[in-house]
Amino acid sequence: MKAKYPPLVSAIALLVSLSAVAQGQVPQKHPGAEKAMAKIVLEEDFGDELKFHSREVVTLAQNDRVPGLNGLMFMRWKGDGAGTEVMASVQWFEKKEDLLAFYAGSKKRKGFKLGEFDGTVLWKVGESGYSWTDGEHFMVSLGGSPPPPPEMVKAWLAMITSKVADLEKENDGGS
């Protein structure tokens, strides 16, 4: 059974593209998101099975559809077999409160289960994905078919650390 990317990724991409089309203009870029996304690059291959394929970045100075979401990046790794693809999506929020509101809604989606990877708390998304936030600006989703290899997950966590444990501890303490 082939894994599907988290619906969150598709919904965000659709909202961002519809917003630009509806406005009938090219959206103005967000300098902070541009700078932050420029630092997030992982163009290496993972084993013989997953080869780096593409990196796409969109930033918006203003986003009326998803408050505070000013940057969106997709990176893909593909294999030789049909349907062999792993995708990372990275969302960048200018304001921490907007990120935290988005995070709170995201973790309630079907298939999200609090888990751990190599000692780091994050969200498992179904059988083939992960999601986490740094609690400041970034939200990361990583998944596909096959599931992301451990080296890929470690590389992403090295670039954008997971603060899920801290956020969940705060949420439990506030109840």
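These exercises walk through the fold, the core and the salt bridges of the structure above.

The model is predicted, so local features need pLDDT of at least 70 and side-chain atom pairs count only at pLDDT 80 or more, while totals for chains, interfaces and linings use all residues. Residues are numbered from 1 along each chain as its sequence is written, and side-chain values use heavy atoms, with hydrogens and water left out.

**Exercise 1. Lay out the fold, from the elements to the sheet.**

Step 1: start with the elements. Helices (H or I, at least four residues) and strands (E, at least two) are DSSP runs, numbered from the N terminus. The chain has five helices and seven strands, and their pattern along the sequence is α-α-β-β-β-α-β-β-β-β-α-α.

Step 2: order the strands. Two strands pair if DSSP finds at least two bridges between them. The seven strands make an open sheet with antiparallel pairing, in the order S1-S2-S3-S7-S6-S5-S4. S1 and S4 are the edge strands, each pairing on one side only. From one strand to the next, the twist averages 20 degrees.

Step 3: look at two of the pairings. S2 and S3 run antiparallel and are joined by nine bridges; here Leu 72 has Gln 91 in S3 as its bridge partner. S4 and S5 (residues 120-125) pair in the antiparallel sense over six bridges, and Gly 115 stands opposite Leu 122 in S5. The S4-S5 hairpin has two residues between its strands, and Asp 118 takes a positive phi near 50 degrees there.

Step 4: add a helix. H2 (residues 31-38) packs on the sheet and touches S1, S2, S3 and S7, with its direction at about 140 degrees to that of S3. Contact means heavy atoms within 4.5 Å. For the angle, axes are lines fitted to C-alpha atoms, for helices over the stretch in contact, and angles run from 0 to 180 degrees between N-to-C directions.

**Exercise 2. Find what fills the core, and follow H4 into it.**

Step 1: take the whole chain. Buried means under 20% relative accessible area, exposed over 50%, and partly exposed in between (1.4 Å probe, protein chains only). Of the 175 residues in the chain, 45% are buried.

Step 2: pick out the core. A nonpolar core is a set of buried Ala, Val, Leu, Ile, Met, Phe, Trp, Tyr and Cys residues joined through side-chain atoms within 4.5 Å. The largest one has 39 residues, and Trp 77, Trp 132, Phe 138, Leu 142, Met 152, Trp 156 and Ile 160 touch the most other members.

Step 3: turn to H4 (residues 150-159). Its buried residues include Met 152, Trp 156 and Leu 157. The cover over the buried residues of H4 includes S2, S3 (85-93), S4, S5, S6 and S7.

Step 4: compare two neighbourhoods, leaving out residues up to four places away in sequence. Met 152 touches Phe 46, Leu 50, Trp 77, Val 86 and Leu 142. Leu 157 touches Phe 117, Thr 120, Leu 122, Trp 132 and Ser 162, and its relative accessibility is 11%.

**Exercise 3. Examine the salt bridges and say which parts of the chain they tie together.**

Step 1: count them. A salt bridge is a side-chain nitrogen of Lys or Arg within 4 Å of a carboxyl oxygen of Asp or Glu. The structure holds four.

Step 2: begin in the sheet. Glu 56 forms a salt bridge with Arg 76, with the closest N and O atoms 3.2 Å apart. Glu 56 lies in S1 (residues 51-59) and Arg 76 in S2 (residues 69-78), so the pair ties together parts that are 20 residues apart in sequence. Glu 56 is partly exposed at 42% relative accessible area, and Arg 76 is also partly exposed, at 22%.

Step 3: move to H3. Glu 136 and Lys 96 form a salt bridge, with the closest N and O atoms 3.4 Å apart. Glu 136 lies in the loop between S6 and S7 and Lys 96 in H3 (residues 96-106), so this pair ties together parts 40 residues apart in sequence.

Step 4: finish with H5. Glu 168 and Lys 107 meet in a salt bridge of 2.8 Å, N to O. Glu 168 lies in H5 (residues 164-173) and Lys 107 in the loop between H3 and S4, so parts 61 residues apart in sequence are tied together. Both Glu 168 and Lys 107 are buried.

Step 5: look for shared partners. Salt bridges that share partners join Glu 56, Arg 76 and Glu 85 into one network.
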